[in-house]
Amino acid sequence: MSAVLTLSAWLENAFASTLTASQPSWLQAFRAQQFEKFLQRGLPTKREEWWKYTNVAYLEKTNFALAADSETSELEKYSDSTILLVFKNGRFLQEMSDLQLLPPDVILLPLSSALQTHEELIKPYLLQEPDEQRHPFTVLNGAFIGEGSFLYIPENCVVPYPIHLLFLNAQQNEFISAPRNIIVAKDNSHVKMIEEHRGNQAKNYFTNAVTELYAQANARLDYYKLQNEHDTATHIAHINVQQQQDSHVNAFFVDVGSRLAREDLTVHLHERHATCHMLGLYVLEQDEQHLDHHIYVDHKASHCTSSMLYKGVLDKKSQAVFNGKVYAHSGAKQTKAQQSNHNLLLSAAAEVNTKPELEIYEEDVKCVHGATIGQLDADALFYLRARGIEKEEALKILTQAFVEEIMDKITDPFMKDYIQQRTGHYARV
Amino acid sequence: MSNQYLKQIVDKNYQYGFVTAIESDTFAPGLSEEVIRKISQRKNEPEFMLQWRLRAYQHWLTLSSPRWAHVKFPEIDYQNIIYYSAPKVKKDGPKSLEEVDPQLLETYKKLGIPLHEQSRLAGVAVDAVFDSVSVATTFKTKLAEAGVIFCSFSEAVQEHPELVEKYLGTVVPFRDNFFATLNSAVFSDGSFVYIPKGVRCPMELSTYFRINAANTGQFERTLIIADADSHVSYLEGCTAPMRDENQLHAAVVELIALDNAEIKYSTVQNWYPGDEQGRGGIYNFVTKRGACRGKHSKISWTQIETGSAITWKYPSVILQGDHSVGEFYSVALTNHHQQADTGTKMIHIGKNTRSTIISKGISAGFGQNTYRGLVRVLPQADHARNYTQCESLLLSNTCGAHTFPYIEAKNPTAQIEHEAYTSKIGVDQLFYCRQRGLSVEDAVCMIVNGFCKRVFNELPMEFAVEAQKLLEVSLEGSVG
C-alpha cells in the first residue's frame with residue numbers, strides 16, 4: 001500500500017512535532033494509538049459507500065505541516081455582546097479572545113488550558129473511540145488532540161450571550177489544524193453558540209475538526225456552524241451529538257467556502273422525547289468546489305423527533321453530495337423523522353448526488369423524506385422579466401427566495417444578520 | 001387485534017408447494033467448463049453461443065458474491081447446484097400440446113395457467129418454463145401470422161441465430177454482475193420475443209416459470225426486442241415446490257425498444273417463500289434491464305413481489321432515445337423471514353426523457369423490505385424529468401422497512417423529485433372506517449388496497465386477477 005506510505009511521511013512529521021511533554025501520559029498514549037489506527041486504515045477511497053462521491057486521494061500528495069506561531073490579525077466581532085474564543089491556524093490567541101461576559105460558573109477554556117486545570121473532568125470526553133472505518137478523520141483528529149475548546153455549562157444555567165468559537169486561518173500555507181471542541185450542556189441548561197471557520201490569505205491548508213456536543217436532560221443547545229474557508233482549503237469535520245431525555249438541539253450549517261468540505265453529522269437520541277432539528281445551507285460558486293454532507297440520526301428511544309432541511313445553490317462546476325440517514329431501532333415508538341434536501345442548479349456543469357435514506361425497524365413511526373433537484377422556475381422568471389426586471393436581477397431574486405426559507409429559521413436576529421453577511425449575495429436581503 | 005389477523009397470514013400455506021413426479025434429464029451437481037460445454041451441446045448451440053458462455057464463465061471465476069445488499073444469507077455453494085434439469089420427453093421433443101407429458105400439463109393446470117386451448121378465452125399466449133427448459137408455447141401459429149416471434153430461447157438460437165447474436169448481452173453484458181455473469185455461463189432456456197416493425201402484438205404474451213426438481217438452480221434468460229413502432233405486453237409468473245433447502249434462481253431479462261416502440265413487462269413473482277421459521281425458499285437474484293434505444297420509445301415494468309426467501313432485483317431502464325419514457329411500478333410484500341432488496345434504476349441519457357417510479361413496500365412478521373433505487377441524469381440529458389414515490393407500510397414490531405434512493409444529477413435542466421414515507425396504518429384511518437360500520441378486516445383491506453391501487457392499475461387485466469388473489473389473502477390478514 002504505497003498510498004498509505006506517502007501519506008504517513010508528512011503525517012509522521014506533523015505528528016512527531018505535536019508530541020509535547022506537557023500533555024498527560026494517558027492522552028499521549030491515546031493519541032499514539034489513534035495515530036496507529038489511522039495509518040492502518042489509510043485514507044478512504046471512492047470504493048467505500050461513505051465516500052462514494054468524495055475523493056480525498058489528493059491529501060496524500062500535499063505536505064501539510066503544523067502551523068508556526070503566528071501574530072494577531074484584525075477581526076470583527078459580530079456583536080459586542082458575545083463571548084469570543086479565537087484560534088489562528090490551530091493555535092489559541094489569548095489577546096484577541098474576550099471572555100468578559102462569561103457567567104462565572106461556566107467553564108470555557110482552550111483545550112490546552114483545560115487539560116491542565118480540569119484534567120479529570122475532560123478525560124472521559126476525550127477518550128472516545130470512533131469507528132475508524134466510518135470516521136477515519138475523527139481518528140486522525142484523535143491523534144492530533146492538543147487544541148480546541150472546552151465548554152461546560154453546569155446544571156440549570158442559562159448562558160445569556162452567544163458563545164463564538166472563531167477558527168481563523170491566515171497568512172500561512174499548507175498547514176494542518178485539528179481542533180477538538182467539547183461542549184457539555186448539563187441538565188436544564190441553555191446555550192447558543194457559533195463555530196466559525198474563516199480563511200483569509202492562507203492557501204491549501206487542511207482543517208480536520210471534531211466537535212462533540214452533549215445535551216443532557218432537558219438541555220437546550222443551539223449550534224451554528226459557519227464554514228467559510230479559503231477556496232483552496234480542505235475542511236473535513238465531524239459533529240457528534242449525544243442527547244438525553246427531553247433535550248433539544250438545533251444544528252444549523254452554512255457552508256460557502258473550501259475547495260473540498262465534508263460535514264459528518266451524527267446524532268444519537270439516547271432517551272425519550274429528545275428532539276433534534278438540523279438545517280443546512282450551501283452556496284457553491286467556485287469551479288471544482290465540492291461539498292459533502294453526511295448525516296446519520298440514530299433513534300434509539302421512543303417519542304423522539306428529528307428533522308433535516310438542507311438547501312443548496314450550485315453554480316459553475318461545483319458538486320454537492322447529500323446523504324441523510326434516519327435509523328429507527330426496534331422499540332423507538334412514536335418516532336417522527338423528516339428529511340428533505342432541495343438543490344438548485346444554476347449551471348450546466350454543476351452536479352448533485354443526493355441520497356436520503358431510511359432504515360426502520362419499528363412499526364410505530366412516521367418517517368418522511370423528500371429530495372428535489374431542479375433549476376429556477378421559467379414561469380416565475382418570465383413574470384419578473386415581464387415587469388422590466390433585468391434577467392440577472394430576476395435570477396438573483398428567485399435564488400434569494402430559495403435561500404430565504406432556510407435563513408428564516410434563524411431566530412436570533414444578530415446571528416441571522418452575521419450569517420447573512422457571510423453567505424454571499426444570495427443571502428442578503 | 002393485529003395479532004389475530006397476523007396469525008391468519010402466518011397460518012396461510014403456500015398453495016403452489018406441490019412437487020410433480022416427472023422423470024427428468026438431470027446433470028450431476030457442480031459447475032465447470034465441462035458442464036457448460038455439455039449444456040451448450042445438449043442445446044445444439046452454434047459456436048458463438050458456446051464461446052460467449054465460456055467467456056462469461058472465465059469472468060465469473062474472477063468475481064466474488066456481492067455483499068452490499070441489505071439481505072442476509074449463508075454462503076451459497078455453487079458446486080452443489082444442478083445446472084441443468086429438463087423434463088424427459090420423447091426424443092424429438094413435443095410438437096404440440098398432445099405430446100407434452102400429461103403430468104406436466106396437470107401441474108400447469110394446478111397452477112391455473114391457461115396452457116390448453118381454453119386459454120383462447122383468456123387470449124394469452126403462454127411459454128412455460130419447467131425447471132430449466134421451455135416445455136410448451138401456445139398460440140404459436142396465430143402469433144406467426146402477425147409476424148411475432150414468441151418461442152423458447154433455445155428455439156430462437158436454432159431458428160433466429162442472427163437476432164440472438166445481434167442483441168444478446170447488449171443490455172446486460174456478461175460482465176454485468178456476479179449473478180448475471182453466472183446466468184450468462186449456464187442459462188439453459190428462457191423466452192424470446194421479437195415484434196417486427198409496426199406490429200401491435202395481438203395478445204398478451206406470458207411465461208410461467210416453475211422450479212420442480214430438488215437442488216436445482218433455475219437460470220433462464222428472456223430477450224424481448226420491440227422493433228420500430230411496435231407494441232407488446234409481456235407477463236411473467238413463477239412458482240416452486242416447498243422444500244427445506246434454499247434454491248437459487250438467477251435470471252436475466254433484457255428488453256430492447258426501438259423508435260416509438262413500447263414494451264410493458266409485468267411480473268407476479270410467487271416463488272416459494274420458505275416456512276414461518278424462514279427455512280427453505282427461493283433465492284431470487286435477478287437482473288432485469290431494458291434499453292429505450294429509439295426515440296419516443298417506452299418501457300414499463302410492473303412487479304408484484306410476494307414470494308421468495310430473498311428477492312434481489314432492480315428492473316431498470318436505460319433511456320437512450322430522445323423523448324423515451326421509463327416506468328416502474330412495484331408492490332413488494334415480505335412476511336415471516338422474507339427479505340426483499342428491490343427497486344429500480346433510471347439512467348437518463350437522451351433529451352426530454354421521463355421516468356416515473358412508484359414503489360410500495362409492505363413488511364410483516366420478521367420481513368425486511370428495502371427499496372433501493374438510482375436516478376441518474378447525465379450531462380446531455382436536457383429536460384429530463386423524474387418523479388419517485390416510495391411508501392412503506394409496517395405491520396409488525398419485528399419487521400423492517402428501508403429506503404436507499406440514489407439521485408445523481410449532472411444537468412441543470414433536469415427536474416427530479418423524490419418523496420417517501422414509512423408508517424403503519426393510522427389509528428385514525430381505521431377509526432374512520434370502523435365508525436362507518438366496516439369491520440376491522442374490511443377496513444384494513446380497503447386501506448391496503450388503496451395503498452397498492454396505483455400499482456395494481458398498471459397490471460394487464462389477465463394478470464390482475466391472479467395478482468389480486470395472491471395479495472388479498474396475504475394482505476387482508478396481515479394488517480390490523
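The following exchange concerns a predicted model, its contact between chains A and B, and one pair of helices in chain A.

Biologist: Which strand gives the largest share of the side of chain B that touches chain A?

Modeller: The contact draws 31 residues from chain A and 30 residues from chain B. On the side of chain B, strand S23 (400-409) and strand S24 (415-423) each supply at least two residues. The largest share, 10 residues, belongs to S23(B).

Biologist: How many residues of the side of chain B that touches chain A are charged?

Modeller: That side includes 13 nonpolar residues and 12 polar residues. The charged residues number five.

Biologist: Which residue in S24(B) stands opposite Cys367(A)?

Modeller: Strand S21 of chain A, residues 365-374, pairs with S24(B) over eight bridges, in the antiparallel sense. Opposite Cys367(A), the residue in S24(B) is Thr422(B).

Biologist: Are H6(A) and H7(A) parallel or oblique to each other?

Modeller: Helix H6 (residues 378-386) and helix H7 (residues 391-407) of chain A have axes that come within 9 Å and cross at roughly 130°. The crossing is right-handed. Angles over 145 degrees would count as roughly antiparallel, and 65 to 115 as roughly perpendicular. The crossing angle of roughly 130° falls in neither class, and H6(A) and H7(A) are therefore oblique.

Biologist: How many residues of the contact of H6(A) with H7(A) are nonpolar?

Modeller: From H6(A), Ala380(A), Leu381(A), Leu384(A) and Arg385(A) meet Lys391(A), Ala394(A), Ile397(A) and Leu398(A) in H7(A). No polar residue takes part, two are charged, and the nonpolar residues number six.

Note on methods: Residues numbered from 1 in each chain as written. Chains lettered and ligands numbered in written order. Predicted model: local features only at pLDDT ≥ 70, side-chain atom pairs only at ≥ 80, totals over all residues. Contact = placed C-beta atoms within 7 Å. Helix = DSSP H or I, 4+ residues; strand = E, 2+ residues; numbered from the N terminus. Nonpolar A, V, L, I, M, F, W, Y, C, P; charged D, E, K, R; others polar. Pairing = 2+ DSSP bridges. Axes fitted to C-alpha atoms, helices over the stretch in contact; angles between N-to-C directions. Parallel < 35°, antiparallel > 145°, perpendicular 65-115°, else oblique. Left-handed = near helix turned anticlockwise from the far one by under 90°.
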